[in-house]
Amino acid sequence: MLNEQDKRVVETMARCGLDIDALQAMFPSATKEEIEAIQREVNDNKDDYEEENNISINCSWSAIKKCTKNIMK
């Protein structure tokens with residue numbers, strides 16, 4: 001089970017395009033169902049989030065690797 005901070009990290013990574021398998025590999029304590037629910041919520045709310053904040057999220061693979069490197073420490 002994920003704590004609140006990890007849920008926010010999963011949400012951010014899901015917005016950047018990481019798939020369920022990658023997220024599950026980074027957060028082995030989370031169930032597949034838990035990650036799927038977070039990813040589904042992100043996808044369902046993506047347009048609202050971008051419109052509300054007037055931003056578009058587009059993460060590069062190098063940025064994702066840098067981010068995950070810091071998380072996995």
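## Helix H1 and the core of a four-helix chain

Arg15 is partly exposed, because its relative accessible area of 25% falls between the 20% below which a residue counts as buried and the 50% above which it counts as exposed. This value, like every other one in this report, is computed from a predicted model. Arg15 lies in helix H1, and although Arg15 and Asn43 are 28 residues apart in sequence, their C-alpha atoms are 7.7 Å apart in space.

The protein chain as a whole has 4 helices and 0 strands, and when it is read along the sequence it follows the pattern α-α-α-α. Of its 73 residues, 26% are buried, while the accessible surface comes to about 5,300 Å², with 47% of that area belonging to carbon and sulfur atoms. Among contacts between residues at least 6 apart in sequence, 52% join residues at least 24 apart.

Helix H1 covers residues 4-15, and its 12 residues should span 16 Å at 1.5 Å a residue, which agrees with the 17 Å that separates its end C-alpha atoms. At the start of H1, a side-chain oxygen of Asn3 comes within 3.1 Å of the backbone nitrogen of Gln5. Glu4 also has its place in this helix, and Glu4 counts as partly exposed because its relative accessibility is 45%, a value between the limits of 20% and 50%. The side chains of Glu4 and Arg8 are joined by a polar contact of 2.6 Å. Just after the helix, Gly17 takes a positive phi of about 105 degrees.

The distances given so far for pairs of residues can be set side by side.

| Pair | What is compared | Distance |
|---|---|---|
| Asn3 and Gln5 | side-chain oxygen to backbone nitrogen | within 3.1 Å |
| Glu4 and Arg8 | polar contact between side chains | 2.6 Å |
| Arg15 and Asn43 | C-alpha to C-alpha | 7.7 Å |

Which residues of H1 are buried? They are Val10, Glu11, Met13 and Ala14. Val10 and Met13 also appear in the largest nonpolar core, which has 13 residues, and there Leu2, Val10, Met13, Leu23, Met26 and Phe27 touch the most other members. At least two residues of this core are supplied by each of H1, helix H2 (20-26) and helix H3 (32-53).

Leu23 shows in more detail how one core residue is placed among others. Once its neighbours within four places in sequence are left aside, Leu23 is in contact with Val10, Met13, Ala14, Leu18, Ile35 and Gln39.

Notes. Residues numbered from 1 in each chain as written. Predicted model: local features only at pLDDT ≥ 70, side-chain atom pairs only at ≥ 80, totals over all residues. Heavy atoms only, no water. Expected span 1.5 Å × (residues − 1). Buried < 20%, exposed > 50% of the residue type's maximum accessible area, 1.4 Å probe, protein only. Polar contact = N/O pair within 3.5 Å; in protein donor to acceptor, adjacent residues only side chain to side chain. Contact = heavy atoms within 4.5 Å. Areas by Shrake-Rupley, 256 points an atom, 1.4 Å probe, with all protein chains shown as cover. Core = buried A, V, L, I, M, F, W, Y, C linked by side-chain atoms within 4.5 Å.
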